[in-house]
Number of protein chains: 2
Amino acid sequence: MLSEINKKYLQESLTFWNKLNGEQRTVLLDNTSEMRHAKGANIHSADNDCIGVILVKSGELRTYILSENGKEITLYRLNAGDVCMLSASCLIKNITFDVHIDAESDTDILLINSYTFSQLQSQNVYVENFALHVVVDKFSDVMWAMQQILFLSFDQRLAAFLIDEALKTNSYDIKLTHEQIAKYMGSAREVVSRMMKHFEGEGLIALYRGGVKIVDKNRLRRLV
Amino acid sequence: MLSEINKKYLQESLTFWNKLNGEQRTVLLDNTSEMRHAKGANIHSADNDCIGVILVKSGELRTYILSENGKEITLYRLNAGDVCMLSASCLIKNITFDVHIDAESDTDILLINSYTFSQLQSQNVYVENFALHVVVDKFSDVMWAMQQILFLSFDQRLAAFLIDEALKTNSYDIKLTHEQIAKYMGSAREVVSRMMKHFEGEGLIALYRGGVKIVDKNRLRRLV
């Protein structure tokens, strides 16, 4: 059984709630579960079943694609209030690509069972409309990520990444290894390390074991 | 006025036709026009207005993104029977990226006025769902293009491109310059020319002015 607070959260997040009849509401509530995923957990992977629709209550999920030789490309991140449909991509006609989803920090979610969502979607056009909107929103995020990777040179991308991280954590001290940064950027550790050393030589950043400190944020920004 | 044949084509292509009332059908027919675009014409560009929803009757449209320094990435191609919503992206909430659309051959289309489609969409959820479905289908195509570019090495990509072209034109004689191939692949002419010479050296293809002939299709295929 969902707690009262989670019931309320579900009703406010699902904009089609008012279009459901009483029976549909009951089925939805009965087939939604509360879950917590620890930082680092893999929640969905390409060969997984279609686990269901995820509502993120707190924490962060990262959605990425993975090549055969292990290269990762981050597509987008989901935070509190976001909905994930690609964990239920079997429900959406013509989604033919596979993604991986990891918890980037301890993350609380509500999970709506795929079969239940699929039933509601076939009964109620507003449920389908909600699902399609969620996917289309993410299309724009993916296009942005793609343009970053394909059109910016690597020094611009690394500078943009460091500035983003600083803004996100509200600190000029970024506690990520070169390995982690490479993973997030869909690059190789060697490439990141080489550019980091170049940035350090230019007096833009200072490197230390397990992290990097931004020294001259204005010049770093001008690179982007 | 639309010809009878085009009226029929419109009604069969728009799966929401049966969900429209009489007045909505009349408005739709009155605001759809027949157009022909010559090979090479630019139909939609990033700074263009929202021209409307396109139904491709014959020919081919190519949708691509363009970087500030002129690099092109082909996202997908549309042929007879396909619908293009990104030429009316103003109608879809949260589409924040811009694309370019060119006619790759002489192309006949039906164009539904943006304002009309927008009105119908706000009145009828089935119209909106149709539009969202079209966009979601293209999301998968874009993911495929992205994985090709990001994950395959260039020799694999070029081999795949040549095989695709041969299948599409039903001929092992591909009449495209290195410049054109580079444009379609989102690469540089020098990179294409270098790999082409390598393929020729390997006995996979034969080069001539303005084109390339596939000599050993089996070995070329094995590269992919």
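A residue counts as buried when its relative accessible area is under 20%, and the close-up views below, which are taken from a predicted model, begin with a residue judged by that cut-off.

**View 1. Surroundings of Val83(A) in strand β6 of chain A.** Val83(A) lies in strand β6, which covers residues 83-84 of chain A, and because its relative accessible area is 13%, below the 20% limit, Val83(A) is classed as buried. Leaving out residues up to four places away in sequence, Val83(A) touches Val53(A), Ile54(A) and Leu55(A), together with Leu78(A), Phe130(A) and Val134(A). Met196(A), a residue that returns in the next view, is 113 residues from Val83(A) in sequence, and the two C-alpha atoms are 35 Å apart in space.

**View 2. Packing of helix α6 against helix α7 in chain A.** Helix α6 (residues 178-185) and helix α7 (residues 189-201) of chain A pack with their axes 8 Å apart and at an angle of about 115°, which means that α6(A) is roughly perpendicular to α7(A). The crossing of these two helices, α6(A) and α7(A), is right-handed. On the side of α6(A), the contact is formed by His178(A), Glu179(A), Ile181(A) and Ala182(A), while α7(A) contributes Arg189(A), Val192(A), Ser193(A) and Met196(A). By residue class, the contact of α6(A) with α7(A) comprises 4 nonpolar, 2 polar and 2 charged residues.

**View 3. Helix α7 of chain B and its buried residues.** Helix α7 of chain B runs over residues 189-201, and because each of its 13 residues is taken at 1.5 Å, a span of 18 Å is expected, in agreement with the 18 Å that separates its end C-alpha atoms. Val192(B), Ser193(B), Met195(B), Met196(B) and Phe199(B) are buried in α7(B). These buried residues of α7(B) pack against several elements of chain B, namely the helices α5 (154-169), α6 (178-185) and α8 (217-223) and the strands β10 (205-208) and β11 (211-214). Following α7(B) comes Gly203(B), which has a positive phi near 75°.

**View 4. Val215(B) in the loop between β11 and α8 of chain B.** Val215(B) is placed in the loop that joins β11 and α8 of chain B, and with a relative accessibility of 54% Val215(B) counts as exposed. Apart from neighbours within four places in sequence, Val215(B) is in contact with Gly203(B), Leu204(B), Ile205(B) and Ala206(B); among these, Leu204(B) is 11 residues from Val215(B) in sequence, with a C-alpha to C-alpha distance of 5.3 Å. Gly203(B), also shown in the preceding view, is the residue with the positive phi that follows α7(B).

Note on methods:
Residues are numbered from 1 along each chain as its sequence is written. Chains are lettered from A and ligands numbered from 1 in the order in which they are written. This is a predicted model: local features need pLDDT of at least 70, side-chain atom pairs count only at pLDDT 80 or more; totals for chains, interfaces and linings use all residues. Side-chain values use heavy atoms; hydrogens and water are left out. Axes are lines fitted to C-alpha atoms, for helices over the stretch in contact, and angles run from 0 to 180 degrees between N-to-C directions. Helices (H or I, at least four residues) and strands (E, at least two) are DSSP runs, numbered from the N terminus. Angles under 35 degrees count as roughly parallel, over 145 as roughly antiparallel, 65 to 115 as roughly perpendicular and the rest as oblique. A crossing is left-handed if the near helix is turned anticlockwise from the far one by less than a right angle, and right-handed if clockwise. Contact means heavy atoms within 4.5 Å. Ala, Val, Leu, Ile, Met, Phe, Trp, Tyr, Cys and Pro count as nonpolar, Asp, Glu, Lys and Arg as charged, and the others, Gly among them, as polar. The expected span of a helix is 1.5 Å times one less than its number of residues. Buried means under 20% relative accessible area, exposed over 50%, partly exposed in between (1.4 Å probe, protein chains only).
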